[in-house]
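Biologist: I'm new to reading structures and would like a close look at one part of this one. Could you show it to me and talk me through it?

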Amino acid sequence: TSELYTKLSYVKIYRPWGWIIGSGLYIDSFKTKVQKMHWVILGSAITLSGALMLLVWGIARGIKQYVDEDHIFAASVASGDLTRTLEINHQDELGGLGTSLNLMVTDLRNMIGHISGNSSELSKAIAEIRHASQAMVTSAVRQQEDVQDITDCSNEISRLIGNVNMGVDGLNTSVIESASTVV
């Protein structure tokens, strides 16, 4: 072309064969590649942060759903309804809690059946049920606090990804400055 472009080059002689070997790089081409790399990194970071946020949101939503079901169940048990059971469809900590709640309700049903003839033991069983129900409500409230902690962690991840993006911008600026000093 008739236009002039800045080029960074290096030349060295290979004495055994008498060759002169050279290599060069156009600065504007290098800047274009760096800019493309910047956009790829930025796009990847945004995509990854979006995927992580969706994952955290899905996990938090799932946990909250089970906690809400357990909370409703615990409230109904606290109000004296021992006819219901929780449907357990997972084998994690929340599933274990639901199984424990179901076992507790089953045990409470059996206990009430055994003590129906004896009023003094019935009073004792009612006190135990009240205590267990309060413990379940407290457990459900703690689990809701855990959901809030997960949400806070998700926000922190988002903030950290923003920091990574600023670091990538700083790296891009450093590369451009380095390239301009080489010229």
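In what order do the elements of the protein chain run from the N terminus on? And once that is clear, please zoom in on Asn-172: is Asn-172 buried or exposed, and what does Asn-172 touch?

Modeller: Sure, and keep in mind that what you're looking at is a predicted model. Starting at the N terminus, the order is β-β-α-α-α. That gives 3 helices and 2 strands in the protein chain.

Let's get a feel for the whole thing before zooming in. The C-alpha trace spans about 110 × 35 × 25 Å along its principal axes. The radius of gyration of the protein chain is 33 Å, whereas a compact globule of 183 residues would have one near 16 Å. Of those 183 residues, 22% count as buried. The accessible surface adds up to about 12,800 Å², and carbon and sulfur atoms account for 60% of that.

Now walk along the chain with me, beginning with the strands. Strand 2 covers residues 19-26, and Gly-24 is part of it. Gly-24 has a relative accessibility of 39%, so it counts as partly exposed. Look at what sits across from it: the C-alpha atoms of Gly-24 and Leu-8 are 5.5 Å apart, though 16 residues separate the two along the chain. Setting aside neighbours within four places in sequence, Gly-24 is in contact with Lys-7, Leu-8 and Ser-9.

Next comes helix 1, which runs over residues 27-78 and has 52 residues. From first C-alpha to last, helix 1 reaches 74 Å, close to the 76 Å expected at 1.5 Å a residue. After helix 1 you'll find Gly-80, with a positive phi near 105 degrees.

That brings us to your residue. Asn-172 lies in helix 3, which spans residues 119-182. As for your first point, Asn-172 counts as buried because its relative accessibility is 12%, and the cut-off for buried is under 20%. As for your second, Asn-172 touches Val-34, Gln-35 and His-38, if you leave out residues up to four places away in sequence. Try finding those partners along the chain: helix 1 takes in residues 27-78, so you can see where Val-34, Gln-35 and His-38 belong.

Contacts between distant parts of the sequence show up across the chain too. Among contacts between residues at least 6 apart in sequence, 55% join residues at least 24 apart.

Technical notes. Residues numbered from 1 in each chain as written. Predicted model: local features only at pLDDT ≥ 70, side-chain atom pairs only at ≥ 80, totals over all residues. Heavy atoms only, no water. Helix = DSSP H or I, 4+ residues; strand = E, 2+ residues; numbered from the N terminus. Buried < 20%, exposed > 50% of the residue type's maximum accessible area, 1.4 Å probe, protein only. Contact = heavy atoms within 4.5 Å. Rg over C-alpha atoms; globule rule 2.2 N^0.38 Å. Areas by Shrake-Rupley, 256 points an atom, 1.4 Å probe, with all protein chains shown as cover. Expected span 1.5 Å × (residues − 1).
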